[in-house]
Amino acid sequence: PENVGILGIELVFPSQYVDQTELEEFDGVGAGKYVIGLGQSKMGFCNDREDINSLCLTAVHKLIERYNIKYADVGRLEVGTETIIDKSKSVKSVLMQLFEPHGVTDVEGIDTTNACYGGTAALFNAVSWVESSSWDGRYAIVVAGDIAVYAKGSARPTGGAGAIAMLVGPNAPLVLDRGLRATYMKHAYDFYKPDLTSEYPTVDGKLSIQCYLNALDNCYQLYCKKASQRSLKDKTVDLSSLDFLLFHTPFCKLVQKSVGRLMLNDFLNTPSEEIPHLYPGLDNFRNVKLNECYFDKNVEKAFVTCSKNLFENKTQPSLLIANQIGNMYTPSLYGGLVSLLVNQNIEQLAGSKIGMFSYGSGLAATMFSITVSKDCNDNSALYKLKSNLSYVKKQLEQRKKVSPEKFTSILELREKNCHKVPYEPVGDIGDLFSGTYYLTKVDDMHRRFYSRF
Ligand code: ACO
């Protein structure tokens, strides 16, 4: 099969949010810390009616409805998540409830976990299946979903929640470039969830940023090297080779700094005689060492400034969802793709190349790229993909704002009842978007039951 990639995307996010300016005041931090310092405007969150199963049920069901697919036409379903509510039973097995009424049980795939990277691993698995000898001609669906909540403190404003379902198959409008991926995996304790009774991670915030930037440097250098070797003329591959740059987005400010960081990488690869001409005024950074400047404010400022236009053109259009919902963990990078698709004209998207950086703490990271199909007429798959996302901006506006006090009490309720059985959820369902699955009860054997709103 040719041109294997993403044919359809469905994004699911909570119908309520907390405003980051109000949260700054409530938390007693300096005004602007979350909105300007982190680059976040609103944070989506779930009450006790939603869990990882319900988010993924909603995403898959809505994708199948919107794209009018028969359940029997899906041969593989992969889930990427780090929101673990059962140490054995997969979210995928829960999603089979959607397929069984249609007599469909021949569906491969289970869950994949490593922090925010699971969605990417699931996507790679699905693409590999379609490209393999095991493929039987059916679609694959990839679901990435998480509820990102932090304990009280400096990490709390970097939460979020949501799920994304992607339809994968041949002749896709978003094709994953074959044979061109750069991966960086290492052992690190930057962010992890050792307490299985809690939804909250253990986080070393500063280390997590250092690990993220270190993984970015390594993935980008390797991606450029591999891409240059593949190009027929052995052409140097650098930022000019990519039309859009998308990142896993813990908070938007880190992504702006990451674009600066990539420019620093290009700068350090530039022959010294070309520096005055290509990077005027930056000559004195020539001897900077990548692994010594993660938190060097002078370097950061210089390269964020000189990459400003590049950031605005190639990355900012991808930050809508991250800014409005927060870090959704595994769906974060793919929320970037949704943002780009809804913000950019179809003519600008057609034929473009999108660089994708996926990062999961612990750590696992990959840089890969997507080539967008050239065909963008009204009957094209790209047109269908883009127009099927036209609900996203409207739905973001339809959300309900909840006060920081109420947000905090809802998180306290989740905390208290995380693994309690039997449990009857008390959260409102009246504000859910239509078509949303919600938890009705957990019985004394920890079995969970859902209805659809
Ligand atoms: N107005 C404007 N900006 C402000 C203000 C203010 N009043 N106050 C602070 N700031 C700025 C700071 O200068 C800083 O920006 P800078 O780094 O560009 O200088 C920014 O706001 C954040 O302030 P810090 O004091 O550095 O933040 P803090 O230490 O409280 O926490 C952190 C930030 C580490 C990101 C925390 O939220 C966290 O741990 N988050 C979770 C971990 C995370 O997301 N890691 C990223 C990769 S791993 C992953 O994806 C989970």
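## A nine-strand sheet, a ligand shell and three annotated residues

Let's start with strand β11 (residues 244–247), which is covered on both faces: F244 and L246 are buried on one side, and L245 and F247 are buried on the other. That split fits a general pattern, since side chains in a regular strand alternate between the two faces of the sheet. Keep in mind that this is a predicted model.

**The sheet**

Where does β11 sit in the sheet? β11 is an edge strand, as is β5 (111–112), and each of them pairs on one side only. The sheet itself is open and has nine strands with mixed pairing, in the order β5-β4-β6-β7-β1-β8-β13-β12-β11. As a general point, strands of a sheet pair through backbone hydrogen bonds, either parallel or antiparallel, and you can find both kinds here. β11 runs parallel to strand β12 (residues 353–360), with four bridges between them, and F247 stands opposite F357 of β12. Strand β6 (residues 139–148) and strand β7 (residues 160–169), on the other hand, are antiparallel and share nine bridges. There, V142 faces M166 in β7.

Helix α12 (residues 332–343) lies across β1, β6, β7, β11 and β12. Its direction makes an angle of about 145° with β11.

**I6 in β1**

M166 turns up again if you look at I6, a residue of strand β1 (residues 5–12). Setting aside residues up to four places away in sequence, I6 touches M166, L167, V168, A172 and L174. Is I6 buried or exposed? I6 has 23 other C-beta atoms within 10 Å, so I6 is buried; the cut-off for that is 20 or more. For a sense of distance, I6 and H187 are 181 residues apart in sequence, and their C-alpha atoms are 31 Å apart in space.

**The ligand shell**

Now for the ligand. There are 21 residues around the ligand, and G30, G32, G37, S154 and G205 come nearest. Two elements give two or more residues to this shell: α2 (33–37) and α6 (205–230). Helix α6 gives the most, with four residues. Sorted by class, the shell holds ten nonpolar, nine polar and two charged residues.

**The annotated residues**

Which residues does UniProt mark as "binding site"? The record, an unreviewed entry, puts that feature at S208, K253 and K257. These three span 50 residues in sequence, yet no two of their C-alpha atoms are more than 14.4 Å apart, so they gather at one spot.

Here is how I6 compares with two of the annotated residues; contacts leave out residues up to four places away in sequence.

| Residue | Element | C-beta neighbours within 10 Å | Contacts |
|---|---|---|---|
| I6 | β1 | 23, buried | M166, L167, V168, A172, L174 |
| S208 | α6 | 25, buried | D190, F191, V203, S361 |
| K257 | α7 | 21, buried | E300, V304 |

S208 lies in helix α6, the helix that gives the most residues to the ligand shell. Why does S208 count as buried? Because S208 has 25 C-beta neighbours inside 10 Å. K257 belongs to helix α7 (residues 252–268). K257 counts as buried too, because 21 C-beta neighbours lie inside 10 Å.

Definitions and conventions: Residues numbered from 1 in each chain as written. Predicted model: local features only at pLDDT ≥ 70, side-chain atom pairs only at ≥ 80, totals over all residues. Near = placed C-beta within 6 Å. Nonpolar A, V, L, I, M, F, W, Y, C, P; charged D, E, K, R; others polar. Buried ≥ 20, exposed ≤ 12 C-beta atoms within 10 Å, placed from the backbone. Pairing = 2+ DSSP bridges. Contact = placed C-beta atoms within 7 Å. UniProt positions renumbered as here; feature names shortened; annotations may be inferred. Axes fitted to C-alpha atoms, helices over the stretch in contact; angles between N-to-C directions.
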